[in-house]
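Welcome! Let us walk through this structure step by step, starting with its sheet and ending with its pockets.

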Amino acid sequence: MAEWIDLIDPTPDELREKLPRELQESALERLLAPPEHDDEPRPTLQGHGDYIFGVFLVAVAVPDEDRVFYQEVDVVVTHDVLVTVSKTPPGEHPYDPRPPRESCRPDDSAGMMFYRLVDDIAEHYLDLIDSLDEEIDQLEDTVETSLAAQTRVRLSELRHDLLHIRRTLAPTRDAIRRVVDNVVEVTDGQEVFPHEVEVAFNSAYDKLLRAFDGLELSRDLIASVRDYLQSKVANDQNEVMKKLTVIASVLLLPTFIVGLYGQNFKHHFPELGWPWGYAWSWGLIVVTTIAQLVFYRKRNWI
(Lines give C-alpha, C1' and ligand atoms only; values in the text may rest on other atoms or scores of the structure.)
Protein backbone atom coordinates (compact mmCIF):
# COMPACT_ATOMS: atom_id res chain seq x y z
CA MET A 1 0.00 0.00 0.00
CA ALA A 2 1.34 3.42 -0.99
CA GLU A 3 1.91 6.23 1.51
CA TRP A 4 1.24 9.95 1.14
CA ILE A 5 3.47 12.16 3.31
CA ASP A 6 2.37 15.78 3.41
CA LEU A 7 4.70 18.46 4.81
CA ILE A 8 3.99 22.16 5.28
CA ASP A 9 7.03 24.46 5.47
CA PRO A 10 9.26 21.68 6.85
CA THR A 11 12.65 22.32 8.41
CA PRO A 12 15.70 20.83 6.64
CA ASP A 13 15.99 18.09 9.27
CA GLU A 14 12.30 17.21 9.08
CA LEU A 15 12.45 17.11 5.30
CA ARG A 16 15.49 14.85 5.19
CA GLU A 17 13.86 12.55 7.75
CA LYS A 18 10.65 12.16 5.72
CA LEU A 19 12.18 11.82 2.27
CA PRO A 20 12.15 8.21 1.07
CA ARG A 21 15.76 8.35 -0.23
CA GLU A 22 18.65 10.62 -1.02
CA LEU A 23 17.86 13.26 -3.63
CA GLN A 24 20.00 15.09 -6.09
CA GLU A 25 21.38 18.36 -4.76
CA SER A 26 19.36 20.50 -7.20
CA ALA A 27 16.09 18.83 -6.14
CA LEU A 28 16.97 19.17 -2.46
CA GLU A 29 17.76 22.86 -2.89
CA ARG A 30 14.42 23.39 -4.59
CA LEU A 31 12.59 21.64 -1.75
CA LEU A 32 14.42 23.72 0.86
CA ALA A 33 14.00 27.03 -0.99
CA PRO A 34 11.86 29.63 0.83
CA PRO A 35 8.34 30.32 -0.43
CA GLU A 36 9.16 33.97 -1.21
CA HIS A 37 10.80 34.56 -4.61
CA ASP A 38 11.64 37.48 -6.87
CA ASP A 39 9.76 35.48 -9.51
CA GLU A 40 7.68 32.32 -9.23
CA PRO A 41 9.49 29.07 -10.11
CA ARG A 42 8.60 27.38 -13.36
CA PRO A 43 6.42 24.27 -12.90
CA THR A 44 8.28 21.15 -13.94
CA LEU A 45 8.30 17.36 -13.63
CA GLN A 46 11.49 15.33 -14.01
CA GLY A 47 12.65 11.79 -13.52
CA HIS A 48 15.77 11.24 -11.38
CA GLY A 49 16.97 7.69 -10.86
CA ASP A 50 14.28 5.89 -8.90
CA TYR A 51 12.08 8.92 -8.09
CA ILE A 52 10.11 11.68 -9.82
CA PHE A 53 10.59 15.28 -8.74
CA GLY A 54 8.11 18.04 -9.54
CA VAL A 55 7.31 21.67 -8.80
CA PHE A 56 3.75 22.96 -9.18
CA LEU A 57 2.05 26.31 -8.61
CA VAL A 58 -1.59 26.82 -7.72
CA ALA A 59 -2.97 30.24 -8.64
CA VAL A 60 -5.58 31.48 -6.15
CA ALA A 61 -7.85 34.49 -6.79
CA VAL A 62 -8.91 36.83 -3.97
CA PRO A 63 -11.90 38.67 -5.53
CA ASP A 64 -12.49 40.94 -2.52
CA GLU A 65 -8.95 42.31 -2.84
CA ASP A 66 -8.65 42.12 -6.64
CA ARG A 67 -5.46 40.07 -6.65
CA VAL A 68 -4.01 36.63 -7.35
CA PHE A 69 -1.36 34.80 -5.32
CA TYR A 70 0.46 31.51 -5.86
CA GLN A 71 0.84 28.44 -3.67
CA GLU A 72 3.89 26.30 -4.34
CA VAL A 73 3.68 22.53 -4.03
CA ASP A 74 6.82 20.44 -4.51
CA VAL A 75 6.52 16.68 -4.93
CA VAL A 76 8.73 13.61 -4.74
CA VAL A 77 7.16 10.40 -6.08
CA THR A 78 8.47 6.87 -5.90
CA HIS A 79 6.71 3.58 -6.60
CA ASP A 80 5.21 3.43 -3.11
CA VAL A 81 5.64 6.91 -1.54
CA LEU A 82 4.33 10.36 -2.44
CA VAL A 83 5.86 13.31 -0.56
CA THR A 84 4.28 16.74 -0.99
CA VAL A 85 5.88 19.90 0.39
CA SER A 86 3.44 22.81 0.63
CA LYS A 87 4.98 26.23 1.11
CA THR A 88 3.13 29.12 2.71
CA PRO A 89 3.28 32.35 0.66
CA PRO A 90 4.03 35.48 2.73
CA GLY A 91 0.83 36.59 4.41
CA GLU A 92 -1.23 33.83 2.79
CA HIS A 93 -2.21 30.21 3.43
CA PRO A 94 -0.58 27.13 1.89
CA TYR A 95 -2.16 24.68 -0.50
CA ASP A 96 -4.47 22.23 1.28
CA PRO A 97 -3.99 18.64 0.00
CA ARG A 98 -6.77 17.16 2.12
CA PRO A 99 -9.44 17.07 -0.64
CA PRO A 100 -7.30 14.99 -3.04
CA ARG A 101 -6.04 12.82 -0.15
CA GLU A 102 -9.59 12.06 0.93
CA SER A 103 -10.44 11.03 -2.63
CA CYS A 104 -7.69 8.40 -2.67
CA ARG A 105 -8.65 4.72 -2.54
CA PRO A 106 -6.93 2.17 -0.27
CA ASP A 107 -5.40 0.38 -3.23
CA ASP A 108 -4.10 3.53 -4.98
CA SER A 109 -0.43 3.54 -5.91
CA ALA A 110 1.75 6.58 -5.30
CA GLY A 111 1.42 7.44 -8.99
CA MET A 112 -2.37 7.38 -8.73
CA MET A 113 -2.22 9.53 -5.60
CA PHE A 114 -0.08 11.98 -7.53
CA TYR A 115 -2.70 12.00 -10.29
CA ARG A 116 -5.39 12.95 -7.76
CA LEU A 117 -3.18 15.81 -6.56
CA VAL A 118 -2.64 17.09 -10.12
CA ASP A 119 -6.35 16.72 -10.90
CA ASP A 120 -7.17 18.91 -7.90
CA ILE A 121 -4.64 21.52 -9.06
CA ALA A 122 -6.30 21.48 -12.50
CA GLU A 123 -9.69 22.02 -10.85
CA HIS A 124 -8.26 25.04 -9.01
CA TYR A 125 -7.20 26.54 -12.35
CA LEU A 126 -10.67 25.98 -13.83
CA ASP A 127 -12.25 27.68 -10.81
CA LEU A 128 -9.76 30.54 -11.12
CA ILE A 129 -10.63 31.13 -14.78
CA ASP A 130 -14.34 31.14 -13.90
CA SER A 131 -13.71 33.76 -11.19
CA LEU A 132 -11.75 35.96 -13.58
CA ASP A 133 -14.45 35.69 -16.25
CA GLU A 134 -17.08 36.76 -13.72
CA GLU A 135 -15.03 39.81 -12.78
CA ILE A 136 -14.49 40.70 -16.44
CA ASP A 137 -18.25 40.43 -17.01
CA GLN A 138 -18.86 42.75 -14.05
CA LEU A 139 -16.37 45.25 -15.45
CA GLU A 140 -18.15 45.18 -18.79
CA ASP A 141 -21.51 45.75 -17.09
CA THR A 142 -20.18 48.78 -15.17
CA VAL A 143 -18.21 50.45 -17.97
CA GLU A 144 -21.02 52.97 -18.49
CA THR A 145 -21.24 53.96 -14.81
CA SER A 146 -17.70 53.59 -13.45
CA LEU A 147 -14.87 56.08 -13.81
CA ALA A 148 -12.87 55.40 -16.97
CA ALA A 149 -9.54 55.70 -15.14
CA GLN A 150 -10.63 53.19 -12.48
CA THR A 151 -11.80 50.68 -15.10
CA ARG A 152 -8.61 51.14 -17.11
CA VAL A 153 -6.44 50.42 -14.06
CA ARG A 154 -8.38 47.26 -13.21
CA LEU A 155 -8.18 46.03 -16.80
CA SER A 156 -4.42 46.53 -16.74
CA GLU A 157 -4.17 44.56 -13.47
CA LEU A 158 -6.29 41.73 -14.88
CA ARG A 159 -4.20 41.59 -18.03
CA HIS A 160 -1.03 41.36 -15.92
CA ASP A 161 -2.58 38.59 -13.80
CA LEU A 162 -3.59 36.63 -16.91
CA LEU A 163 -0.09 36.85 -18.35
CA HIS A 164 1.36 35.62 -15.06
CA ILE A 165 -1.15 32.77 -14.82
CA ARG A 166 -0.32 31.80 -18.41
CA ARG A 167 3.37 31.53 -17.47
CA THR A 168 2.46 28.99 -14.78
CA LEU A 169 -0.41 27.16 -16.48
CA ALA A 170 1.38 26.47 -19.78
CA PRO A 171 4.38 24.62 -18.24
CA THR A 172 2.03 22.75 -15.89
CA ARG A 173 0.06 21.53 -18.89
CA ASP A 174 3.26 20.57 -20.70
CA ALA A 175 4.56 18.65 -17.67
CA ILE A 176 1.39 16.59 -17.41
CA ARG A 177 1.45 15.97 -21.16
CA ARG A 178 4.86 14.36 -20.70
CA VAL A 179 3.33 11.91 -18.23
CA VAL A 180 0.54 11.07 -20.69
CA ASP A 181 3.13 10.51 -23.43
CA ASN A 182 5.20 8.25 -21.13
CA VAL A 183 8.18 10.62 -21.31
CA VAL A 184 8.57 11.07 -17.54
CA GLU A 185 9.52 7.88 -15.73
CA VAL A 186 12.17 6.53 -13.38
CA THR A 187 15.27 4.86 -14.81
CA ASP A 188 15.86 2.62 -11.78
CA GLY A 189 13.50 0.44 -9.78
CA GLN A 190 9.79 -0.09 -10.28
CA GLU A 191 7.88 2.28 -12.56
CA VAL A 192 5.90 5.10 -10.96
CA PHE A 193 3.39 5.68 -13.75
CA PRO A 194 2.01 2.38 -15.06
CA HIS A 195 -0.33 2.44 -18.04
CA GLU A 196 -3.54 2.83 -16.01
CA VAL A 197 -2.07 5.87 -14.23
CA GLU A 198 -1.03 7.43 -17.53
CA VAL A 199 -4.56 6.95 -18.80
CA ALA A 200 -5.93 8.61 -15.66
CA PHE A 201 -3.63 11.60 -16.24
CA ASN A 202 -5.51 12.24 -19.48
CA SER A 203 -8.37 13.62 -17.39
CA ALA A 204 -6.11 16.11 -15.58
CA TYR A 205 -4.47 17.05 -18.86
CA ASP A 206 -7.88 17.70 -20.42
CA LYS A 207 -8.82 20.01 -17.54
CA LEU A 208 -5.57 21.93 -17.92
CA LEU A 209 -6.27 22.27 -21.65
CA ARG A 210 -9.73 23.62 -20.88
CA ALA A 211 -8.25 26.04 -18.36
CA PHE A 212 -5.69 27.23 -20.93
CA ASP A 213 -8.39 27.71 -23.58
CA GLY A 214 -10.48 29.59 -21.02
CA LEU A 215 -7.48 31.77 -20.25
CA GLU A 216 -7.17 32.71 -23.92
CA LEU A 217 -10.89 33.51 -23.97
CA SER A 218 -10.44 35.71 -20.88
CA ARG A 219 -7.72 37.65 -22.69
CA ASP A 220 -10.09 38.19 -25.60
CA LEU A 221 -12.81 39.37 -23.21
CA ILE A 222 -10.42 41.85 -21.62
CA ALA A 223 -9.48 43.15 -25.06
CA SER A 224 -13.20 43.51 -25.86
CA VAL A 225 -13.88 45.45 -22.65
CA ARG A 226 -10.83 47.66 -23.31
CA ASP A 227 -12.08 48.43 -26.83
CA TYR A 228 -15.54 49.16 -25.45
CA LEU A 229 -14.03 51.51 -22.86
CA GLN A 230 -11.99 53.35 -25.48
CA SER A 231 -15.06 53.68 -27.67
CA LYS A 232 -17.07 55.05 -24.74
CA VAL A 233 -14.34 57.58 -23.90
CA ALA A 234 -14.20 58.69 -27.55
CA ASN A 235 -18.00 59.01 -27.68
CA ASP A 236 -18.04 61.02 -24.45
CA GLN A 237 -15.40 63.34 -25.87
CA ASN A 238 -17.43 63.73 -29.06
CA GLU A 239 -20.49 64.62 -27.00
CA VAL A 240 -18.53 67.28 -25.13
CA MET A 241 -17.12 68.68 -28.35
CA LYS A 242 -20.58 68.72 -29.89
CA LYS A 243 -22.01 70.66 -26.95
CA LEU A 244 -19.13 73.13 -27.02
CA THR A 245 -19.64 73.58 -30.76
CA VAL A 246 -23.36 74.21 -30.27
CA ILE A 247 -22.63 76.80 -27.56
CA ALA A 248 -20.10 78.53 -29.82
CA SER A 249 -22.58 78.49 -32.71
CA VAL A 250 -25.38 79.89 -30.54
CA LEU A 251 -23.13 82.78 -29.45
CA LEU A 252 -21.96 83.45 -33.00
CA LEU A 253 -25.04 85.39 -34.23
CA PRO A 254 -25.41 87.54 -31.08
CA THR A 255 -21.72 88.38 -31.36
CA PHE A 256 -22.22 89.31 -35.02
CA ILE A 257 -25.21 91.52 -34.21
CA VAL A 258 -23.40 93.30 -31.38
CA GLY A 259 -20.34 93.76 -33.58
CA LEU A 260 -22.46 95.08 -36.43
CA TYR A 261 -24.11 97.78 -34.33
CA GLY A 262 -20.87 98.54 -32.57
CA GLN A 263 -19.21 99.88 -35.73
CA ASN A 264 -18.16 103.55 -35.62
CA PHE A 265 -20.44 104.89 -38.43
CA LYS A 266 -22.93 107.70 -37.77
CA HIS A 267 -24.71 107.56 -41.10
CA HIS A 268 -26.60 104.92 -42.99
CA PHE A 269 -27.59 103.04 -39.78
CA PRO A 270 -31.33 103.69 -39.52
CA GLU A 271 -31.58 101.95 -36.15
CA LEU A 272 -29.06 104.33 -34.54
CA GLY A 273 -31.52 107.22 -34.60
CA TRP A 274 -34.56 105.07 -33.92
CA PRO A 275 -36.08 105.23 -30.37
CA TRP A 276 -36.68 101.48 -30.46
CA GLY A 277 -33.19 100.62 -31.78
CA TYR A 278 -31.92 99.18 -28.49
CA ALA A 279 -35.00 96.97 -28.08
CA TRP A 280 -34.73 95.98 -31.75
CA SER A 281 -31.14 94.72 -31.30
CA TRP A 282 -32.08 92.73 -28.20
CA GLY A 283 -35.12 91.24 -29.90
CA LEU A 284 -33.00 90.25 -32.90
CA ILE A 285 -30.49 88.55 -30.60
CA VAL A 286 -33.20 86.63 -28.70
CA VAL A 287 -35.07 85.54 -31.85
CA THR A 288 -31.94 84.30 -33.64
CA THR A 289 -30.77 82.45 -30.51
CA ILE A 290 -34.12 80.70 -30.07
CA ALA A 291 -34.23 79.82 -33.76
CA GLN A 292 -30.80 78.20 -33.52
CA LEU A 293 -31.76 76.21 -30.41
CA VAL A 294 -34.92 74.92 -32.11
CA PHE A 295 -32.95 73.96 -35.21
CA TYR A 296 -30.25 72.11 -33.21
CA ARG A 297 -32.91 70.38 -31.12
CA LYS A 298 -34.69 69.06 -34.20
CA ARG A 299 -31.40 67.69 -35.48
CA ASN A 300 -30.78 66.01 -32.07
CA TRP A 301 -27.51 67.90 -31.69
CA ILE A 302 -28.49 69.00 -28.20
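Before we look at the sheet, one term helps: two strands pair if DSSP finds at least two bridges between them. Strands of a sheet pair through backbone hydrogen bonds, either parallel or antiparallel. Keep in mind, too, that what you see is a predicted model.

With that in hand, find the open sheet of five strands, whose order is E1-E5-E4-E3-E2, with mixed pairing. Its edges are strand E1 (3–8) and strand E2 (44–48), each of which pairs on one side only. On average, neighbouring strands of this sheet are turned by 20° against each other, direction ignored. For a closer look at one pair, take strand E4 (residues 67–77) and strand E5 (residues 81–87): they pair in the antiparallel sense over six bridges. Here you can also pick out a single match, as aspartate 74 has valine 85 in E5 for its bridge partner.

Now step back to the whole protein chain, which has seven helices and five strands. Reading from the N terminus on, you meet its elements as β-α-α-β-β-β-β-α-α-α-α-α.

What lies across the strands? Two of the helices are worth tracing here. Helix H2 (residues 25–32) lies across strand E3 (51–62), E4 and E5, and runs at about 25° to E3. Helix H5 (residues 148–180) lies across E2, E3 and E4, running at about 15° to E4.

How does the overall form look? Along its principal axes, the C-alpha trace of the protein chain spans about 120 × 35 × 30 Å. The protein chain has a radius of gyration of 35 Å, whereas a compact globule of 302 residues would have one near 19 Å.

Next come the pockets. Rolling a probe the size of a water molecule over the atoms shows where empty space is left. The largest pocket has a volume of about 210 Å³, and 15 residues line it, with Pro63, Asp66, Ser131, Glu135 and Gln138 lying nearest its centre. Which element gives the most to the lining of the largest pocket? That is H4, with six residues. At least two residues of this lining come from each of E3, E4, helix H4 (110–141) and H5, so to speak of H5 here is to return to the helix that lies across E2, E3 and E4. By class, the lining of the largest pocket holds seven nonpolar, two polar and six charged residues.

The second largest pocket has a volume of about 160 Å³. Eleven residues line this second pocket, and Pro35, Glu40, Tyr70, Pro89 and Pro90 lie nearest its centre. Strand E4 supplies the largest share of that lining, three residues. Sorted by class, the lining of the second largest pocket has five nonpolar, one polar and five charged residues.

Terms used:
Residues numbered from 1 in each chain as written. Predicted model: local features only at pLDDT ≥ 70, side-chain atom pairs only at ≥ 80, totals over all residues. Heavy atoms only, no water. Helix = DSSP H or I, 4+ residues; strand = E, 2+ residues; numbered from the N terminus. Axes fitted to C-alpha atoms, helices over the stretch in contact; angles between N-to-C directions. Contact = heavy atoms within 4.5 Å. 1 Å grid on protein atoms, 1.4 Å probe; cavity = no way out; pocket = protein on both sides within 12 Å on 5 of 7 lines; lining within 4 Å. Points joined across faces, edges and corners; volume = space filled by probe spheres on them. Nonpolar A, V, L, I, M, F, W, Y, C, P; charged D, E, K, R; others polar. Rg over C-alpha atoms; globule rule 2.2 N^0.38 Å.
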